[in-house]
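Biologist: I should like to learn how to read a structure that is new to me. May we go through its features one at a time?

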Amino acid sequence: MLFRSNGMTNAAVPGDIAAQTKTVLDNGAAVLKQAGLSYNDVVSARVYLADAATFQAMNAAYRPYFGDVPPARLTVMAGLPGAEYAVEVSMIAVKDASRTAITTPNADGSAGRPNPNLSSAIRVGNTLYISGTIGNTPAARGDLRGQSTEILNRVDRTLKAAGFAKADIVDATVFMADMTKFGDMNDVYRAWFGGAFPARATVGIGPVGDDILLEMMFVAVK
């Protein structure tokens, strides 16, 4: 599902980011209902913002729709169809009673802290939807290779917590602010997978946050 405008007229929704986010998600709820689904069935979402400064206001409007088990999610900066558009949201919903949220463990093996805006991953049956993952640690500030390594380390911990392995990853999307550094990311990425690479798209879209150089999102299937 893809939403960015009035569900009845397809016109841009007037108002600030909170108003537009609410309208977008109300539209989504109506479509889900027609399909016999609800936001409890949404497993993955992508949020595209025209202005990074609206990120927290978007989150405040977004959270009430998903409750205690939000879907896996990625949020990036993107050019939208016109200046009147502030946000666009795409979602995947799956009807499955086995839907389970996964929280990425810390590097020392201790339990990670759940994020109120998204789940680190959602497992539905034999499929794992992993949130957009970032790696902007203090040690990796300004270092694309370092951030790529940290992202993949976090993804590895998420996979293991859900009972999956890197060999189960079938789809990847990499969002980079600076595509001139594609080779740096690709070197780390290729070494981590070692071969049998998943299908992948790499796009020049900036993650939200000044110190975040890239973000990766994955789907794994056992």
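**Reading a predicted model**

Modeller: Let us begin with a single residue: Thr202 lies in strand 9. Please keep in mind throughout that this is a predicted model.

Biologist: Is Thr202 buried, partly exposed or exposed?

Modeller: Thr202 has a relative accessible area of 23% and is therefore partly exposed, since buried would require a value under 20%.

Biologist: Which residues is Thr202 in contact with, leaving aside its neighbours within four places in sequence?

Modeller: Thr202 is in contact with Val174, Met176, Met179, Phe182 and Met185. Met58 offers a contrasting reference point: 144 residues separate it from Thr202 along the chain, and the two C-alpha atoms are 25 Å apart.

Biologist: How should I read the sheet, and what is the order of its strands?

Modeller: Strands of a sheet pair through backbone hydrogen bonds, either parallel or antiparallel. Here six strands form an open sheet in the order 5-6-7-10-8-9, and the pairing is mixed. Strand 5 (100–102) and strand 9 (199–203) each have a single partner strand, so they stand at the edges, with one side of each left without a neighbour in the sheet. From one strand to the next, the twist averages 15°.

Biologist: In which sense do strand 8 and strand 10 pair?

Modeller: Strand 8 (residues 169–176) and strand 10 (residues 214–221) pair in the antiparallel sense, over seven bridges. Within strand 10, Glu215 is the bridge partner of Phe175.

Biologist: Which helix lies across these strands?

Modeller: Helix 3 (residues 144–161) does: it lies across strand 5, strand 6 (121–124), strand 7 (127–133), strand 8 and strand 10. Helix 3 runs at about 25° to strand 10.

Biologist: What should I look for in the interior, and which residues have the most contacts inside the largest nonpolar core?

Modeller: In soluble globular proteins, nonpolar side chains tend to be buried together. The largest nonpolar core in this model has 24 residues, and those with the most contacts inside it are Leu128, Leu159, Met216 and Phe218. Strand 7, helix 3, strand 8, helix 4 (182–193) and strand 10 each supply at least two residues of this core. A second, separate core has 18 residues, including Val24, Met58, Val87 and Val208.

Biologist: Which residues does Met216 touch, not counting residues up to four places away in sequence?

Modeller: Among them are Ser131, Ser148, Ile151, Leu152, Val174, Met185 and Tyr189.

Biologist: How many aromatic pairs does the structure hold?

Modeller: There are seven aromatic pairs. In one of them, the rings of Tyr39 and Tyr65 have their centres 5.9 Å apart and their planes at 80°, so the pair is edge-to-face. This pair links distant parts of the chain, 26 residues apart: Tyr39 is in the loop between helix 1 (17–34) and strand 2 (42–49), while Tyr65 is in the loop between helix 2 (55–62) and strand 3 (72–77). Tyr39, at 8% relative accessibility, counts as buried.

Biologist: Which residues do ring pairs link into a cluster?

Modeller: The cluster consists of Tyr189, Trp192, Phe193, Phe197 and Phe218. Within it, Trp192 and Phe193 form an edge-to-face pair, 4.8 Å centre to centre with 85° between the planes. Trp192 is buried at 13% relative accessibility, and Phe193 is buried with a relative accessible area of 10%. Lys166 lies over the face of Trp192, at 4.4 Å from the ring centre. Elsewhere, Lys222 lies over the face of Phe164, at 5.2 Å from the ring centre.

Biologist: What is notable about the phi of Ala196?

Modeller: Ala196 has a positive phi of about 50° although it is not a glycine. Its place is the loop between helix 4 and strand 9, and at 78% relative accessibility Ala196 counts as exposed.

Biologist: Why is strand 4 described as largely enclosed by the rest of the structure?

Modeller: Strand 4 (residues 87–93) has seven residues, and five of them are buried, so the strand is largely enclosed. Strand 4 pairs with strand 2 in the antiparallel sense over seven bridges. In strand 4, Ala93 is the bridge partner of Val42.

Definitions and conventions: Residues numbered from 1 in each chain as written. Predicted model: local features only at pLDDT ≥ 70, side-chain atom pairs only at ≥ 80, totals over all residues. Heavy atoms only, no water. Pairing = 2+ DSSP bridges. Helix = DSSP H or I, 4+ residues; strand = E, 2+ residues; numbered from the N terminus. Axes fitted to C-alpha atoms, helices over the stretch in contact; angles between N-to-C directions. Contact = heavy atoms within 4.5 Å. Phe/Tyr/Trp six-rings, centres within 6.5 Å; stacked < 30°, edge-to-face > 60°. Buried < 20%, exposed > 50% of the residue type's maximum accessible area, 1.4 Å probe, protein only. Lys NZ or Arg CZ within 6 Å of the ring centre and 35° of its normal. Core = buried A, V, L, I, M, F, W, Y, C linked by side-chain atoms within 4.5 Å.
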